[in-house]
Structures are given as C-alpha cells and as structure tokens.
Amino acid sequence: MAKTACSACAFYEDHVANSASTLADSGLCRANPPVTQVEADSRGFWPVVKSDDWCGQYASAFAAE
C-alpha cells in the first residue's frame with residue numbers, strides 16, 4: 001500500500017520554504033485556498049499540518065489540465 005501521508009501529497013509544501021523559523025516535521029496544506037482571518041486587513045493562511053497527517057483529499061500528483 002502506498003504512503004498516503006501529507007508529506008507524500010502533491011499539495012504539501014515543506015514549511016521551510018515559507019519561514020525562517022520552522023516547525024519540525026510540519027508543512028503547509030495547499031489543497032484549498034488560504035483560510036481567511038477575522039481582521040479584514042489580515043492575510044489568509046494555509047493550514048499547517050504534520051508530515052504524517054492525512055485527509056480525504058490526498059493526491060499523489062496534480063490533475064491534468
């Protein structure tokens with residue numbers, strides 16, 4: 001059986017790419033748009049996930065356009 005954890009998903013982005021301070025064994029889930037914040041002038045954020053988390057949207061590759 002193939003590994004279906006977040007770290008193997010096409011939508012997982014290693015957290016190192018976005019921050020000087022990194023969380024060990026974590027990354028960003030890019031499967032959906034950023035989550036909006038309460039403040040109107042605040043930026044949205046992608047959910048931070050552990051590399052061994054999983055969800056029902058796992059994809060090993062991007063769909064053909």
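Hi everyone, let me begin with the secondary structure: the protein chain has 0 helices and 3 strands. Read from the N terminus, the elements run β-β-β. Please keep in mind that this is a predicted model.

So how are the strands arranged? They form an open sheet of 3 strands in the order β1-β2-β3, and the pairing is antiparallel. Why does one side of β1 and of β3 lack a neighbour in the sheet? Those two, β1 at 12-14 and β3 at 48-50, stand at the edges with a single partner strand each, so one side of each is left open in that sense. On average, neighbouring strands of this sheet are turned by 45° against each other, with direction ignored. As a general reminder, strands of a sheet pair through backbone hydrogen bonds, and that can be parallel or antiparallel.

Let me zoom in on one pair. β1 and β2, the latter covering residues 26-29, run antiparallel and are joined by 3 bridges. If you'd like one to look up on your screen, take Asp 14, whose bridge partner in β2 is Gly 27.

Now, the whole chain for a moment. It has 65 residues, and 18% of them count as buried. For those of you who like contact maps: among contacts in the protein chain with a separation of 6 or more, 45% come from residues 24 or more positions apart.

One buried residue I'd like to show you is Ser 51, which sits in the segment after β3. Why does Ser 51 count as buried? Its relative accessible area is 10%, and the label applies because the cut-off is under 20%. And what does Ser 51 touch, if we set aside neighbours within four places in sequence? The contacts of Ser 51 are Ala 5, Cys 6, Ser 7, Tyr 12, Asp 25 and Ser 26. Of these, Tyr 12 belongs to β1, at 12-14, while Ser 26 belongs to β2, at 26-29.

Last stop, the empty space. How many cavities of 30 Å³ or more does the structure hold? There is 1. The largest cavity has a volume of about 80 Å³. Its lining is made up of 13 residues, and those closest to the centre are Cys 6, Cys 9, Phe 11, Cys 29 and Cys 55. By class, that lining has 12 nonpolar residues, 1 polar residue and no charged ones. You may recognise Cys 6 from a moment ago, as one of the contacts of Ser 51.

That's my tour, thanks for listening!

Methods:
Residues numbered from 1 in each chain as written. Predicted model: local features only at pLDDT ≥ 70, side-chain atom pairs only at ≥ 80, totals over all residues. Heavy atoms only, no water. Pairing = 2+ DSSP bridges. Helix = DSSP H or I, 4+ residues; strand = E, 2+ residues; numbered from the N terminus. Axes fitted to C-alpha atoms, helices over the stretch in contact; angles between N-to-C directions. 1 Å grid on protein atoms, 1.4 Å probe; cavity = no way out; pocket = protein on both sides within 12 Å on 5 of 7 lines; lining within 4 Å. Points joined across faces, edges and corners; volume = space filled by probe spheres on them. Nonpolar A, V, L, I, M, F, W, Y, C, P; charged D, E, K, R; others polar. Buried < 20%, exposed > 50% of the residue type's maximum accessible area, 1.4 Å probe, protein only. Contact = heavy atoms within 4.5 Å.
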